[in-house]
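Dear colleague,

Please find below the sequence and structure that I am handing over to you. My notes on what was found follow directly after.

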Amino acid sequence: GLATPLLAVVVCLELSDIVFAVDSVPAVFAVSQDPMVVYSSNLFAIVGLRAWYRLLAKAADQFVYLDKAVALVLGLVGGKIAASFFGVDVDTGLSLAVVATILGGGVVASLVVVDDGDDDDTA
């Protein structure tokens, strides 16, 4: 045949990128209803997802509070979607500012907190 095992692997990898990008559509709609923003953000997610994965995986290990900050952001997005369903309009700029503050706070908290549980130097 014309297809090789390498082609099958590449197709599977690209399909996984597309699945993850499509999975983020509700989060994008929570930020903007503009179709251009939705399409372009998903396009960039598909193109850049794997390139950033290694960097983000290493960063996630170093920033111990980042997962909690991301959980808060996801809760905020869910709340904004629910508010939109009930006719409450939340300003996009305010939403982005809150998201940036939460994520920044998680990073700063991770940098400030000193881990003293692993040091056992007492003699």
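The side chains of K68 and D67 meet in a salt bridge, with 3.4 Å from N to O. A salt bridge is defined here as a side-chain nitrogen of Lys or Arg within 4 Å of a carboxyl oxygen of Asp or Glu, and by this rule the count comes to one. Side chains of opposite charge can pair when their charged atoms come close. K68 is partly exposed, with a relative accessible area of 47%, and D67 is also partly exposed, at 48%. In these terms, buried means under 20% relative accessible area, exposed over 50%, and partly exposed in between (1.4 Å probe, protein chains only).

Please note that this is a predicted model, in which local features need pLDDT of at least 70 and side-chain atom pairs count only at pLDDT 80 or more, while totals for chains, interfaces and linings use all residues. Residues are numbered from 1 along each chain as its sequence is written, and side-chain values use heavy atoms, with hydrogens and water left out.

As to the overall fold, the protein has five helices and zero strands, and it reads α-α-α-α-α along the sequence. Helices (H or I, at least four residues) and strands (E, at least two) are DSSP runs numbered from the N terminus. Of the 123 residues in the protein, 15% are buried.

On the surface, L7, V11, L15, I18 and V22 make a nonpolar patch of about 410 Å². Patches are made of residues with over 30% relative accessible area and no salt bridge, where like charges are joined within 9 Å and nonpolar side chains (Val, Leu, Ile, Met, Phe, Trp, Tyr) within 5 Å. The areas come from the Shrake-Rupley method with a 1.4 Å probe, and for residues only the protein chains shown count as cover. One of the patch residues, I18, is found in helix 1 (residues 5-23) and counts as partly exposed because its relative accessibility is 37%.

The count of aromatic pairs comes to one. F85 and F86 form this pair, which is edge-to-face, with 5.1 Å centre to centre and 80° between the planes. Rings of Phe, Tyr and Trp (its six-membered ring) pair if their centres lie within 6.5 Å; planes under 30 degrees apart count as stacked, over 60 as edge-to-face and the rest as tilted. Both F85 and F86 are exposed.

Turning to the interior spaces, the structure holds one cavity of 30 Å³ or more. The largest cavity has a volume of about 60 Å³, and its lining consists of A30, V31, L76, V77, K80, S95, L96 and V99. Helix 2 (25-31), helix 4 (66-85) and helix 5 are the elements that give two or more residues to that lining. On a 1 Å grid over the protein atoms alone, a cavity is a set of points where a 1.4 Å probe fits but cannot get out, and a pocket is an open set with protein on both sides within 12 Å along at least five of seven lines; lining residues have an atom within 4 Å of a point. Grid points are joined across faces, edges and corners, and a volume is the space filled by probe spheres set on the points.

The second largest pocket has a volume of about 200 Å³. Of its 14 lining residues, F29, A30, Q33, K80 and S84 are the closest to its centre. Helix 2 gives the most to this lining, with four residues.

Yours sincerely
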